[in-house]
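Here's a quick walk through one protein model, from the overall layout down to a single side chain. Have a look at the sequence and the coordinates before reading on.

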Amino acid sequence: MDRISRRSQGLEGVRFGDHRTSSLIFADDVALLASSGLDLQHALGCFAAECEAAGMRVSTSKSEAMVLNRKKVACTLQVGGEVLPQVEEFKYLGVFFTSEGRMDREIDRRIGAAAAVMRSMYRSVVVKKELSRKAKLSIYQSIYIPTLTYGHELWVMTERVLRDGGAQEPE
C-alpha cells in the first residue's frame with residue numbers, strides 16, 4: 001500500500017508547516033488529503049490507477065469522502081464511475097473526526113475512557129498499601145495519561161503489573 005501511495009503522489013496534498021502530506025496510511029487503509037475537491041479527485045484517480053496496475057481496486061463500498069470546513073461543502077468524488085458517499089463524521093484508528101473539525105465528541109470520549117480507567121485503577125492500584133507511591137505514579141503515568149491524551153483505553157492490568165509497578169503494552 002505504501003508503494004502504491006508513493007507512486008500515485010502528485011502535487012496534491014495539504015501543507016503542515018514546511019511539510020506537504022498527500023496521504024495517511026495504516027495497514028490497508030488510506031486517507032487521501034488535498035486542499036480542493038478538484039485536487040482530491042485527481043489524487044483519487046491517480047491512486048485508483050496505481051491500485052489497478054498492482055492488481056487491486058479501490059473498494060467504493062468501504063470508501064467515504066469528507067470535507068474539513070467550518071461550513072457544509074459538497075464534494076462529489078468518483079472512482080470508476082461510482083460516487084463516494086460524503087460523510088459529516090467518522091472514526092478512524094479510534095479517533096473521532098467531524099467535517100467542521102470540532103473535537104468536542106472526541107474529547108468527551110477520551111474523558112469517559114480515562115474516567116473508567118481511573119475507577120479501575122482506584123480499586124486495583126490507589127488503595128493498595130503494598131505499592132509504593134513511585135509505583136502508583138508510574139502506573140498512573142503509563143496508563144491514565146495515554147488513555148486521556150491518545151485514547152488508548154484497552155490497557156490490561158495484570159498481577160505482575162500491579163505487583164511490580166511496571167506497565168504492560170496495550171492489547
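What follows covers the fold, the nonpolar cores, one leucine and one helix.

## Overall layout

Keep in mind that this is a predicted model. The protein has five helices and eight strands. Going along the sequence, their order reads α-β-β-β-β-α-β-β-β-β-α-α-α.

Of the 171 residues in the protein, 29% are buried. The accessible surface adds up to about 11700 Å², and carbon and sulfur atoms account for 54% of that. As for contacts, take the pairs at least 6 apart in sequence: 39% of those join residues at least 24 apart.

## The nonpolar cores

Which residues make up the largest nonpolar core? There are twelve: Ile 4, Leu 40, Leu 44, Phe 47, Ala 48, Cys 51, Val 58, Ala 65, Cys 75, Leu 77, Val 79 and Leu 84. Helix H2, spanning residues 37–53, supplies the largest share of this core, with five residues. A second core, separate from that one, has nine residues, among them Ala 114, Val 125, Leu 131 and Ile 139.

As background, nonpolar side chains in soluble globular proteins tend to be buried together.

## A closer look at Leu 44

Leu 44 sits in helix H2 and is one of the residues of the largest nonpolar core. Is Leu 44 buried or exposed? Its relative accessibility is 8%, so Leu 44 counts as buried, given that the cut-off for buried is under 20%.

Setting aside residues up to four places away in sequence, Leu 44 touches Leu 32, Leu 77, Gln 78, Val 79 and Leu 84. Three of its partners, Leu 77, Val 79 and Leu 84, are also listed in the largest core. Leu 33 lies eleven residues from Leu 44 in sequence, with 9.5 Å between their C-alpha atoms.

Leu 40, another member of that core, has its own set of partners. Beyond its neighbours within four places in sequence, Leu 40 is in contact with Leu 32, Leu 33, Ala 34 and Leu 77. Leu 32 and Leu 77 therefore turn up in the contact lists of both Leu 40 and Leu 44, with contact meaning heavy atoms within 4.5 Å.

## Helix H4 and its kink

Helix H4 runs over residues 133–150, which is 18 residues. From first C-alpha to last it reaches 24 Å, close to the 26 Å expected at 1.5 Å a residue. Where is the kink in H4 centred? It is centred on Tyr 140, with a bend of about 30 degrees.

The buried residues in H4 are Ala 135, Ile 139, Ser 142, Ile 143, Tyr 144, Pro 146 and Thr 147. One of them, Ile 139, also belongs to the second nonpolar core.

Methods:
Residues are numbered from 1 along each chain as its sequence is written. This is a predicted model: local features need pLDDT of at least 70, side-chain atom pairs count only at pLDDT 80 or more; totals for chains, interfaces and linings use all residues. Side-chain values use heavy atoms; hydrogens and water are left out. Helices (H or I, at least four residues) and strands (E, at least two) are DSSP runs, numbered from the N terminus. The expected span of a helix is 1.5 Å times one less than its number of residues. The bend at a residue is the angle between axes fitted to the seven residues ending there and the seven starting there. Buried means under 20% relative accessible area, exposed over 50%, partly exposed in between (1.4 Å probe, protein chains only). Accessible areas come from the Shrake-Rupley method with a 1.4 Å probe; for residues, only the protein chains shown count as cover. A nonpolar core is a set of buried Ala, Val, Leu, Ile, Met, Phe, Trp, Tyr and Cys residues joined through side-chain atoms within 4.5 Å.
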